[in-house]
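Biologist: Before I accept the labels attached to this model, I should like to see each one justified. Please show me the structure, and then let me question the terms.

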Amino acid sequence: MVTATYACIFIMMFLMIIIVDMFVAQDSFMTSFKELMAGRQKLLAYIGYGLLASLISDIGIARRKRANAASQEEGASK
Amino acid sequence: MTVPAVEKLSRWQLFVVMVTFELGSALVVGVGNDSRKDAWLALIIGAIAGLPLIWMVSWMLRLYPGQTIYSILKITLGKWIGNLLVIGYVIYFLYLAAYVMRDFIAMMNAAVLPRTPAGIIGFTLMSVVAYIVYLGIETIGRMAEIFAPYMLLFTVAIVLLCLMSGEINLHNLLPVLGDGWHPIIKDVFPAVLGFPIGEMPLILMVLMAYIKRVDKGLGVGMAALGTGTFLLIISIVLQISVLTADGKARASFPLLNVARLISTAEFLERIEPLVVFLMMLGILLKISVFTILGVQGLEAVVQVPYRHFSFPISMIVAFIAIVHAKSFTDHIIKGTRMLPTYFHMPFQVYIPAVLFIILLIKHRPTKGKVGEGT
């Protein structure tokens with residue numbers, strides 16, 4: 001869930017800054033995209049770190065859920 | 001899934017968070033440039049216009065004690081429209097966090113770290129912000145409590161040093177209303193009202209839910225607006241009286257330029273680090289508050305504790321901060337042309353006003369009840 005939310009927010013925000021740029025600079029979508037990203041490809045590493053962190057969060061949440069379910073089952077069987 | 005702790009803020013903490021928040025980037029970039037010499041007057045009018053907004057927000061939150069604006073939107077407008085508006089607020093808060101961060105990066109590049117790449121500054125700061133957000137709202141409250149005395153002390157020190165160095169010329173503020181009321185009103189609505197005044201009710205919409213006595217939120221909000229505006233007016237008067245209105249409008253960071261001119265007895269000079277420190281405290285808190293408001297909105301939508309989002313979302317903010325504008329000029333143009341009209345007004349005024357009207361209609365006293373009461 002965290003990863004999916006992360007991806008959605010990233011896409012929405014990225015689209016938003018391109019649209020804002022299109023309004024201000026009166027450019028087309030592709031021109032705005034290319035100009036905003038010009039020489040900044042290295043910054044995509046940030047998105048990688050974020051993706052990694054959200055995947056770790058999701059794995060942690062899933063493990064905790066499984067542990068909770070197991071302990072509840074154990075409690076019910078006792 | 002962990003159950004989020006019931007976090008609480010004291011009224012004093014809420015007050016200092018709001019004051020530090022208002023000073024934040026307003027100290028860095030200055031406000032009211034279009035009002036020129038009457039920028040201080042624009043700020044006073046903006047603060048007066050902000051009072052009904054604070055009253056409106058606190059009235060709504062008093063109706064639902066302990067609930068943030070996100071819950072109120074969902075309760076009042078239903079799940080779908082409510083969630084859609086909450087996502088809108090999330091995007092808005094995260095964009096503002098990125099915008100303020102770009103101010104910070106530009107200031108650091110201009111004053112302290114000219115050869116450090118923006119990416120490094122962004123990543124370092126956002127890692128700290130992610131940790132602050134992970135620790136929660138109480139940590140932000142305590143952080144503001146620690147920062148506030150320093151901010152006050154440094155502001156007073158800068159004013160005193162300016163006075164002692166003889167750089168202040170109050171004639172630069174005259175004539176008052178030289179161009180009439182028109183440019184001031186045009187500057188207040190929507191620029192000054194949107195930034196920094198309208199940001200106060202905006203954070204009150206979420207943070208007021210964390211104080212123990214919600215009925216005291218209105219007083220705290222009003223007091224914070226008054227104090228923050230007063231300190232900003234001092235800063236603006238200082239900037240205009242030292243740099244002149246034209247100099248202030250031309251400068252990217254007017255307070256920094258003021259600090260560069262200070263020379264007391266040819267001994268106390270180059271006090272820019274004082275200003276940089278002042279700005280850093282305010283901006284760190286401001287970015288943290290915007291980010292936590294954003295991730296709390298996400299929690300309201302996807303029902304996952306907001307702490308899980310702190311690091312991933314902080315990385316998006318750092319990325320957007322650098323990518324959203326090609327240059328600092330482009331960044332300022334977006335901030336002055338786009339933000340006030342298309343972002344600040346809808347989220348700070350229109351949506352809360354519509355919600356207020358709906359709640360007013362929903363909770364209006366019926367004739368029977370009034371009759372029973374009298």
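Modeller: The exchange below takes the assigned terms in turn and sets values against definitions.

Modeller: This is a predicted model, in which local features need pLDDT of at least 70 and side-chain atom pairs count only at pLDDT 80 or more, while totals for chains, interfaces and linings use all residues. Residues are numbered from 1 along each chain as its sequence is written, chains are lettered from A and ligands numbered from 1 in the order in which they are written, and side-chain values use heavy atoms, with hydrogens and water left out.

Biologist: How many residues does the contact take from chain B and chain A?

Modeller: Contact means heavy atoms within 4.5 Å. The contact takes 36 residues from chain B and 33 residues from chain A. Buried area is the accessible area (1.4 Å probe) that two parts lose on being put together, summed over both. Between chain B and chain A that area is about 3,200 Å², with 81% given by carbon and sulfur atoms.

Biologist: What makes the pair Lys326(B) and Asp21(A) a salt bridge?

Modeller: The term requires a side-chain nitrogen of Lys or Arg within 4 Å of a carboxyl oxygen of Asp or Glu. For Lys326(B) and Asp21(A) the N to O distance is 3.6 Å, so the pair satisfies the rule. Across the interface of chain B and chain A the rule finds three salt bridges. There are also seven residue pairs in polar contact between these chains, both residues being at pLDDT 80 or more. A polar contact is a pair of N or O atoms within 3.5 Å; within protein, one must be able to donate a hydrogen and the other to accept it, and residues adjacent in sequence count only if both atoms are side-chain atoms.

Biologist: Which helix gives the most to the side of chain B that touches chain A?

Modeller: α12(B) gives the most, with ten residues. Helices (H or I, at least four residues) and strands (E, at least two) are DSSP runs, numbered from the N terminus. The residues of this side of chain B divide into 26 nonpolar, five polar and five charged. In that division, Ala, Val, Leu, Ile, Met, Phe, Trp, Tyr, Cys and Pro count as nonpolar, Asp, Glu, Lys and Arg as charged, and the others, Gly among them, as polar.

Biologist: Why are Lys286(B) and Glu199(B) called buried or exposed?

Modeller: Buried means under 20% relative accessible area, exposed over 50%, and partly exposed in between (1.4 Å probe, protein chains only). Lys286(B) has 0% relative accessibility and therefore counts as buried; Glu199(B), at 3%, is buried as well. Their side chains meet in a salt bridge (2.8 Å, N to O). Lys286(B) lies in helix α11 of chain B and Glu199(B) in helix α8 (residues 199-207) of chain B, so the pair ties together parts that are 87 residues apart in sequence.

Biologist: What are the classes of Glu272(B) and Arg260(B)?

Modeller: Glu272(B) is buried, because its relative accessible area is 8%, whereas Arg260(B) is partly exposed at 39%. The two side chains form a salt bridge at 3.4 Å, N to O. Asp215(B) and Arg213(B) form another, at 3.1 Å; Asp215(B) is partly exposed at 43%, and Arg213(B) is partly exposed at 43%.

Biologist: How do you know that the span of α1(B) is close to what is expected?

Modeller: The expected span of a helix is 1.5 Å times one less than its number of residues. Helix α1 (residues 11-29) of chain B has 19 residues, giving an expected 27 Å, and reaches 29 Å from its first C-alpha to its last. In α1(B), 17 of the 19 residues are buried. Gly30(B) follows α1(B) and has a positive phi, near 75°.

Biologist: What is phi of Gln26(A), and why is this residue called buried or exposed?

Modeller: Phi of Gln26(A) is near 55°, a positive value in a residue other than glycine. At 66% relative accessibility, Gln26(A) counts as exposed. Thr244(B), in helix α9 (residues 217-250) of chain B, also has a positive phi, near 75°; at 32% relative accessibility Thr244(B) counts as partly exposed.

Biologist: Which peptide bond at Pro190(B) is cis?

Modeller: The bond from Phe189(B) to Pro190(B) is cis, with omega near 5°. A cis peptide bond also joins Phe195(B) and Pro196(B), where omega is about 10°. Pro190(B) lies in helix α7 (residues 182-197) of chain B, and Pro196(B) is placed in helix α7 of chain B.
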